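Keep the viewer open and the selection tool ready. Each stop below says what to pick and what is there.

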Amino acid sequence: MEIIIQPTADDASMIAARHVARLVRDKPHAVLGLATGSTPLPMYRELVRMHKEQGLDFSGVTTFNLDEYVGLPPEHPASYHAFMWENFFGQINVQRERVHIPDGLSSHIPAFCRKYEEAIVATGGIDLQVLGIGSDGHIGFNEPSSSLASRTRIKTLTAETRRDNAQAFGDADKVPFHVVTMGVGTIMDARHVIILAFGDKKAEAIAGAVEGPITAMNPASILQMHPVATCIIDEGAATKLARTEYYRWVYDRKPDWQKL
Ligand code: GLP
């Protein structure tokens, strides 16, 4: 795993945005795996800026979002559909029919999940998957103890995640218990994975993911087995890592042609 520590969340987000932009320029029909939450917001803002000011063209891009709450209609303000259209899709020229977000209202969730997996395969697979991380190490909504080989399916949220995500609902009691999420195995199939984390609230989860043993108790730790994983974090999220000096040393010596 490449570990890139940046002074601020904005600096880290610029690097992530440049990775996405380079892929979209090199491969106009790229397939992006996308995340919600506060973490990717500065990256989305920068990509919107690149679209508006530099003509970054998303018209051929296909997207697959990681997850959605079960029982929320797409127009619900706390749904991930609403989040994505408000913060990203509504501000770029992505084609509506190329956008995929799990359906929280599906009447047959297992069949929907199978189709979601098939749709990813039919596009040729995800080129770049962007991830945040939960304070318990979850990726997508794959909570601790999730199978590290799991595919898209229904999951039940932990009490911690329901508390963490309460803000969008105004009240923790209103957060749904169930979600549909890409599996850990689905995420691992992406050709490149970028995981972002900001602030000391994420420090423990990041330390476990990067330096801990690979364990379903920290689902993000499976990224240690991914051939092309990039972890881009700010100083706060790096505070519990043991080998920060080494990671900085490596990044400072990165050949210019590899830098973004
Ligand atoms: C939710 C999402 C995750 C996200 C996590 C962290 O649980 N399902 O994909 O990584 O929240 O959220 P935030 O970035 O707001 O800290």
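Select serine 145, in the loop between S6 and strand S7 (153-156). This is a predicted model. Check the backbone torsions here: serine 145 has a positive phi of about 90°, although it is not a glycine. Most residues other than glycine have a negative phi.

Now go to the ligand. Where does it sit? The ligand occupies the largest pocket. Show the surrounding residues: there are 13, and the closest are Ser38, Thr39, Asp67, His138 and Lys202. Colour this shell by class. You get 3 nonpolar, 8 polar and 2 charged residues.

Next, pick out individual contacts.

- Serine 38: a backbone N or O atom lies 2.8 Å from a ligand oxygen.
- Aspartate 67: a polar side-chain atom lies 2.7 Å from a ligand nitrogen.
- Asparagine 165: a polar side-chain atom is 3.3 Å from an oxygen atom of the ligand.

Then turn on the surface. On its own the ligand has 390 Å² of accessible area, and the protein covers 89% of that.

Leave the pocket for the charged pairs. How many salt bridges does the structure hold? The count is 10. Select one of them, lysine 27 with aspartate 127. Their closest N and O atoms are 2.7 Å apart. Side chains of opposite charge can pair when their charged atoms come close.

Why follow this pair along the chain? Lysine 27 lies in the loop between helix H1 (9-26) and strand S2 (31-34), and aspartate 127 in the loop between helix H4 (109-122) and strand S6 (128-131), so the salt bridge ties together parts 100 residues apart in sequence.

Notes: Residues are numbered from 1 along each chain as its sequence is written. This is a predicted model: local features need pLDDT of at least 70, side-chain atom pairs count only at pLDDT 80 or more; totals for chains, interfaces and linings use all residues. Side-chain values use heavy atoms; hydrogens and water are left out. A residue is near a molecule or strand if one of its heavy atoms lies within 4 Å of it. A polar contact is a pair of N or O atoms within 3.5 Å; within protein, one must be able to donate a hydrogen and the other to accept it, and residues adjacent in sequence count only if both atoms are side-chain atoms. Accessible areas come from the Shrake-Rupley method with a 1.4 Å probe; for residues, only the protein chains shown count as cover. On a 1 Å grid over the protein atoms alone, a cavity is a set of points where a 1.4 Å probe fits but cannot get out, and a pocket is an open set with protein on both sides within 12 Å along at least five of seven lines; lining residues have an atom within 4 Å of a point. A molecule sits in a cavity or pocket if more than half of its atoms lie within 2 Å of its grid points. Ala, Val, Leu, Ile, Met, Phe, Trp, Tyr, Cys and Pro count as nonpolar, Asp, Glu, Lys and Arg as charged, and the others, Gly among them, as polar. A salt bridge is a side-chain nitrogen of Lys or Arg within 4 Å of a carboxyl oxygen of Asp or Glu. Helices (H or I, at least four residues) and strands (E, at least two) are DSSP runs, numbered from the N terminus.
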